[in-house]
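Here's a walk through one protein model, strand by strand and loop by loop. Keep the 3D view open and click along as you read.

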Amino acid sequence: MKAATIRDVAERAGVSVASVSRVLTGAGVVAEPTRSKVLEAVEALSYVPHSGARSLSTNRTDVVGVILPDLFGEFFSELIRGMDVACRQQGRHLIVSSSHDDAAVAAAAIRSMRGRVDGLIVLSPHLDSGELTSSLSGRLPVLLMNGADLDGQQPSMAVDNAGGARAAVEHLLALGRRQIAHVGGPAGNVEARQRKQGYLDAIALADHEPILAQGEFTQASGFAATSALLASGQTPDAIFAGNDAMAIGALLAIQEAGLRCPDDVAVVGFDDVPIAELVRPGLTTLNIDIVGMGRRAVERLIAEIERGEAAQPQAANDADREIIVPRLVVRQSCGAPTSTPSLSGERP
């Protein structure tokens, strides 16, 4: 059966197409008898407004676009969960796409979303790429997350990765650890680079030698990098991993090598994904409230959209750059007293 059109609704209600449009969009004054007739016709015909046509008339899609470097793993699922909650609360829809850690793919995804979304949240480790930078130009409201700041050209949110890494190393030093290794993320990743620098700064300040291993922000790479470290003859007494996935891989490698955590090797991660408090030993890590960060990103973007700043582009100022300060959560992987993790499903 052919879907009903707005003309069908108008004919059944005995009113003009313009009157139907005013009722459905809420734009303009409509007499109550007319409104009732239109709504009755809509129900009788099971009419569904065409979103594309509505967006042309209102210049809004009520859709928020999100470009992520990956869709795999707890970090991204928690981030999307926070974004989805915020969108539902504000009557918006969410479209998510992955750049697969590739600046060119991210740029193509951004171009494909223009005209389909009211604004974009872009989380990419390659934001200093010229190709991606040029793709962000224009009047579409954009919020950047956890990447290079592009000289403050766009509103942004970023984690204090270097500060969090320093806090992790300082905690390990305070526990008496001296051979502290760092399992870092991908070489071209902005956040991985910042966390590595924070580690190097803290190690240099303590007058210790850095011990570096390369990972890829995955559990498998954390396991492989830690296994190689333990087999190299320079067994560390602590490992600061660039994220929780690699830290959990490190825990598995330590156990497989016949060592104990934290007795022989302490471990600290970064992000505080849900599994971090459930593994054994519980993982000491840097909490950044991932769900809250996703929710806050959507709220900020929608505020940009509703202010209409897309029609009057201007350079971002200091107030547009939000820094998220990680909070050290100490658990058993560094020798914290045993405690029962929260199983309620609620996160900080």
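Let's start with a pair of residues facing each other: Ala238 has Ala266 in β9 as its bridge partner. That pair belongs to the contact between strand β8 (residues 238–241) and β9, which are parallel and share 3 bridges. Keep in mind that this is a predicted model.

**The four-stranded sheet**

Zoom out a bit, and β8 and β9 turn out to be part of an open sheet of 4 strands, ordered β7-β6-β8-β9, with parallel pairing. Why is one side of β7 (211–214) and of β9 (266–268) left without a neighbour in the sheet? These two strands stand at the edges and have a single partner strand each, so there is nothing from the sheet on the other side. From one strand to the next, the twist averages 20°.

Helices pack on this sheet too. Helix α8 (residues 161–174) touches β6 (180–184), β8 and β9, and its direction makes about 170° with that of β8. Then there's α11, which also touches β6, β8 and β9; its direction makes about 165° with that of β9.

**The six-stranded sheet**

Now look for an open sheet made of 6 strands: the order is β2-β1-β3-β4-β5-β11, and the pairing is parallel. Which strands are at the edges of it? They are β2 and β11 (321–324), each pairing on one side only. Ignoring direction, neighbouring strands here are turned by 15° against each other on average. Helix α6 (residues 103–113) packs on this sheet, where it touches β1, β2 and β3 (119–123), and its direction makes about 175° with that of β1.

Inside the sheet, strand β1 (residues 63–68) and strand β2 (residues 93–98) run parallel and are joined by 6 bridges. To get from β1 to β2, the chain passes through α5, and this β-α-β crossover is right-handed. If you want a spot to click on, Ile67 stands opposite Ser97 in β2. Strand β4 (residues 142–145) and strand β5 (residues 156–159) also pair in the parallel sense, over 2 bridges, and there Leu144 stands opposite Ser156 in β5.

**The largest pocket**

Next, the empty space. The largest pocket has a volume of about 630 Å³. Its lining counts 27 residues, and those nearest the centre are Phe72, Phe75, Phe76, Phe217 and Asn243. What mix of residues makes up the lining? It splits into 12 nonpolar, 7 polar and 8 charged. Three helices, α5 (74–89), α9 (190–205) and α11 (244–256), each supply at least two of the lining residues.

**Odd spots in the backbone**

Most residues other than glycine have a negative phi, and most peptide bonds are trans. Here are some spots that go the other way. Ser46 isn't a glycine, yet its phi is positive, at about 55°. You'll find Ser46 in the loop between α3 (32–45) and α4 (51–58). The cis peptide bonds in the table come with their omega values.

| Cis peptide bond | Omega | Where the proline lies |
|---|---|---|
| Cys261 and Pro262 | about 15° | Pro262: loop between α11 and β9 |
| Arg280 and Pro281 | about 0° | Pro281: loop between β9 and β10 (285–287) |

Conventions
Residues numbered from 1 in each chain as written. Predicted model: local features only at pLDDT ≥ 70, side-chain atom pairs only at ≥ 80, totals over all residues. Heavy atoms only, no water. 1 Å grid on protein atoms, 1.4 Å probe; cavity = no way out; pocket = protein on both sides within 12 Å on 5 of 7 lines; lining within 4 Å. Points joined across faces, edges and corners; volume = space filled by probe spheres on them. Nonpolar A, V, L, I, M, F, W, Y, C, P; charged D, E, K, R; others polar. Pairing = 2+ DSSP bridges. Right-handed = clockwise from strand over helix to strand, strands pointing away. Axes fitted to C-alpha atoms, helices over the stretch in contact; angles between N-to-C directions. Contact = heavy atoms within 4.5 Å.
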